[in-house]
Amino acid sequence: METNRITISLEDDSPGYEISPARVPLATLAIFAGEVREFLKGSGKDGDADAAEVAVVQGSLAVQSLDFMSPSLVHDLGMLATNADLGRIDSKRRTIVQRWQSSAHKRASLKIKIQADRVGVIAISNQTNFRAESDQRLVNVERYIRGEVVDLGGATQPNAHIKLPDGKTLVVRTDRELIRSETENHLYKQVHLRIRAKLNLETGDLTDAKLVEFIHYSPRFDPDAFAKLTANGEEAWKDVEDPAAWVRHIRGSSD
């Protein structure tokens with residue numbers, strides 16, 4: 001099969017400077033690299049994205065692969081180049097494009113460009129409207145999540161980057177007042193959060209997440225309290241010879 005050169009670039013100056021290979025926030029670099037990997041991989045049926053060799057090139061920040069081979073990727077790029085219906089492409093790639101589209105609509109300075117042989121340039125910005133025409137798989141949910149805060153804040157749109165237990169990073173929108181009201185520094189710590197987001201019923205991915213509150217959850221074992229409860233239980237059950245039989249009798253079971 002003929003190889004397909006593909007370059008995926010990120011343009012953004014929201015940090016106060018234009019992102020480039022020479023200067024980029026570490027969290028942004030990590031998230032973008034992960035998204036590029038997920039986009040190349042798709043559902044992972046016909047291409048080994050983990051083995052792909054890439055170069056970081058100017059663009060503002062661009063990841064370029066010269067020899068990644070995947071029939072489904074070629075097909076999906078052709079679909080993206082000719083129409084805005086994400087329902088025609090792989091579900092995993094659809095999730096990434098929706099994430100890029102959502103971020104671009106929230107931050108006008110952000111643009112993603114996908115350039116590939118035979119299809120030209122596919123741009124994603126606050127002016128584009130990629131969507132799944134028949135996609136009814138997104139539902140609004142409220143969830144409790146746990147993860148490590150790897151980035152917190154932002155010059156224009158404050159957010160928290162949460163590394164989840166499965167290794168993925170979820171970007172959660174927040175606001176300065178909520179961050180400022182926290183008395184504890186959460187950066188690089190495991191936290192519990194209550195969020196509102198959109199859940200993809202097909203992939204299980206969360207998108208467009210917004211922070212509701214930090215959950216100050218500090219479970220601990222109190223041996224004295226446990227010993228007291230155990231003693232109370234032993235006292236209450238001391239005259240019952242067979243607790244299991246007593247429970248069955250209370251339930252009306254003859255077994």
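Two strands count as paired when DSSP finds at least two bridges between them. With that in hand, let us walk through this predicted model, starting with its open sheet. Five strands make up this sheet, in the order 2-3-1-4-5, and their pairing is antiparallel. At the edges sit strand 2 (54–58) and strand 5 (120–124), each of which pairs on one side only. From one strand to the next, the twist averages 20 degrees.

For a closer look at one pairing, follow strand 2 to strand 3 (residues 61–65): five bridges hold this antiparallel pair. Here V57 stands opposite A62 in strand 3. Helix 3 packs on the sheet, where it touches strand 1, strand 4 and strand 5, and its direction makes about 55 degrees with that of strand 5. Helix 1 (residues 26–41) lies across strand 1 (6–11), strand 3 and strand 4 (111–116), running at about 145 degrees to strand 1.

Now turn to the barrel. Five strands close into it in the order 6-7-8-10-9, with mixed pairing. The twist here averages 50 degrees from one strand to the next. Within the barrel, strand 7 and strand 8 (residues 169–173) run antiparallel and are joined by five bridges; H161 stands opposite V171 in strand 8.

Helix 3 comes up again at this point. It lies across strand 6, strand 8, strand 9 (190–200) and strand 10, at about 65 degrees to strand 10.

The same helix leads us to a pocket. Which helix gives the most to the lining of the second largest pocket? Helix 3 does, with five residues. Helix 3 (91–106) and strand 10 (206–215) each supply at least two residues of that lining. The pocket has a volume of about 250 Å³ and is lined by 14 residues, with Q98, Q101, S102, F130 and L138 lying nearest its centre. Sorted by class, the lining holds three nonpolar, six polar and five charged residues.

Finally, visit T156, in the loop between strand 6 (138–153) and strand 7 (159–163). Is T156 buried, partly exposed or exposed? Its relative accessible area is 49%, and since exposed means over 50% and buried under 20%, T156 is partly exposed. Leaving aside neighbours within four places in sequence, T156 is in contact with S14, R107 and R176. R118, by contrast, is 38 residues from T156 in sequence and 37 Å from it in space, C-alpha to C-alpha.

Conventions:
Residues are numbered from 1 along each chain as its sequence is written. This is a predicted model: local features need pLDDT of at least 70, side-chain atom pairs count only at pLDDT 80 or more; totals for chains, interfaces and linings use all residues. Side-chain values use heavy atoms; hydrogens and water are left out. On a 1 Å grid over the protein atoms alone, a cavity is a set of points where a 1.4 Å probe fits but cannot get out, and a pocket is an open set with protein on both sides within 12 Å along at least five of seven lines; lining residues have an atom within 4 Å of a point. Grid points are joined across faces, edges and corners, and a volume is the space filled by probe spheres set on the points. Helices (H or I, at least four residues) and strands (E, at least two) are DSSP runs, numbered from the N terminus. Ala, Val, Leu, Ile, Met, Phe, Trp, Tyr, Cys and Pro count as nonpolar, Asp, Glu, Lys and Arg as charged, and the others, Gly among them, as polar. Buried means under 20% relative accessible area, exposed over 50%, partly exposed in between (1.4 Å probe, protein chains only). Contact means heavy atoms within 4.5 Å. Axes are lines fitted to C-alpha atoms, for helices over the stretch in contact, and angles run from 0 to 180 degrees between N-to-C directions.
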